[in-house]
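Visitor: I would like to go through this model and ask on what grounds each label is given.
Guide: Let us put it up, then.
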Amino acid sequence: MVAAQLYNRQRQTAVEVLHGAVTTGNNWRFLRLEGSVVRVDLAEYYIKEVERIVGILVSVLREAQQSQTHAA
């Protein structure tokens, strides 16, 4: 996520908030990078909770869409 942040800054397309996910395929963890602050969701989500995982991903996409709408 830090590499993505640096990459975007170098191209002058800085993104305020970056989201990340780490997964084994069965277990999922979610992260958020805002400036120099990393927030890690301490909960571990399991593939049997697929609705919850998809809900988190949709929430991230909606947040990004709202961010772009306000920036325009």
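Guide: What follows is a set of questions about a predicted model, each settled by its value and the matching cut-off.

Visitor: What is the order of helices and strands along the sequence?
Guide: The pattern reads α-β-β-β-β-α, with two helices and four strands in the protein.

Visitor: Why is Gln-5 called buried?
Guide: Its relative accessible area is 9%. Buried means under 20%, so Gln-5 qualifies. This residue lies in helix α1, residues 2-10.

Visitor: Which residues is Gln-5 in contact with, leaving aside neighbours within four places in sequence?
Guide: Leu-18, Leu-33 and Gly-35. Contact requires heavy atoms within 4.5 Å. Leu-18 and Leu-33 are also bridge partners, with Leu-33 in β2.

Visitor: What makes β1 and β2 a pair?
Guide: Strand β1 covers residues 17-23 and strand β2 residues 27-34, and seven bridges join them in the antiparallel sense. At least two bridges are needed for pairing, so β1 and β2 count as paired. They form a hairpin with three residues between them, and in its turn Gly-25 has a positive phi of about 105 degrees.

Visitor: How do you know that β2 pairs with β4?
Guide: Two bridges link β2 to β4, residues 45-46, in the antiparallel sense. The cut-off is at least two, so this pair meets it. One of the bridges sets Asn-27 against Tyr-46 in β4.

Visitor: What joins β2 to β3?
Guide: Four bridges, with the strands running antiparallel and β3 covering residues 37-40. Glu-34 stands opposite Val-37 in β3. The hairpin of β2 and β3 has two residues between the strands, and Gly-35 there takes a positive phi near 65 degrees.

Visitor: Is Val-50 buried, exposed or partly exposed, and why?
Guide: Partly exposed, with a relative accessible area of 37%. Buried would need under 20% and exposed over 50%, so Val-50 falls in between. It lies in helix α2, residues 50-71.

Visitor: What makes Val-50 eligible for a nonpolar patch?
Guide: A patch residue needs over 30% relative accessible area, and Val-50 has 37%. The patch is formed by Ile-47, Val-50, Val-54 and Val-58, with about 270 Å² of accessible area together.

Visitor: How much of the protein is buried, and how much area is exposed?
Guide: Buried residues make up 15% of the 72 residues. The protein exposes about 5700 Å², of which carbon and sulfur atoms supply 56%.

Definitions and conventions
Residues numbered from 1 in each chain as written. Predicted model: local features only at pLDDT ≥ 70, side-chain atom pairs only at ≥ 80, totals over all residues. Heavy atoms only, no water. Buried < 20%, exposed > 50% of the residue type's maximum accessible area, 1.4 Å probe, protein only. Patch = residues over 30% accessible without salt bridge, like charges linked within 9 Å, V, L, I, M, F, W, Y side chains within 5 Å. Areas by Shrake-Rupley, 256 points an atom, 1.4 Å probe, with all protein chains shown as cover. Salt bridge = Lys/Arg side-chain N within 4 Å of Asp/Glu carboxyl O.
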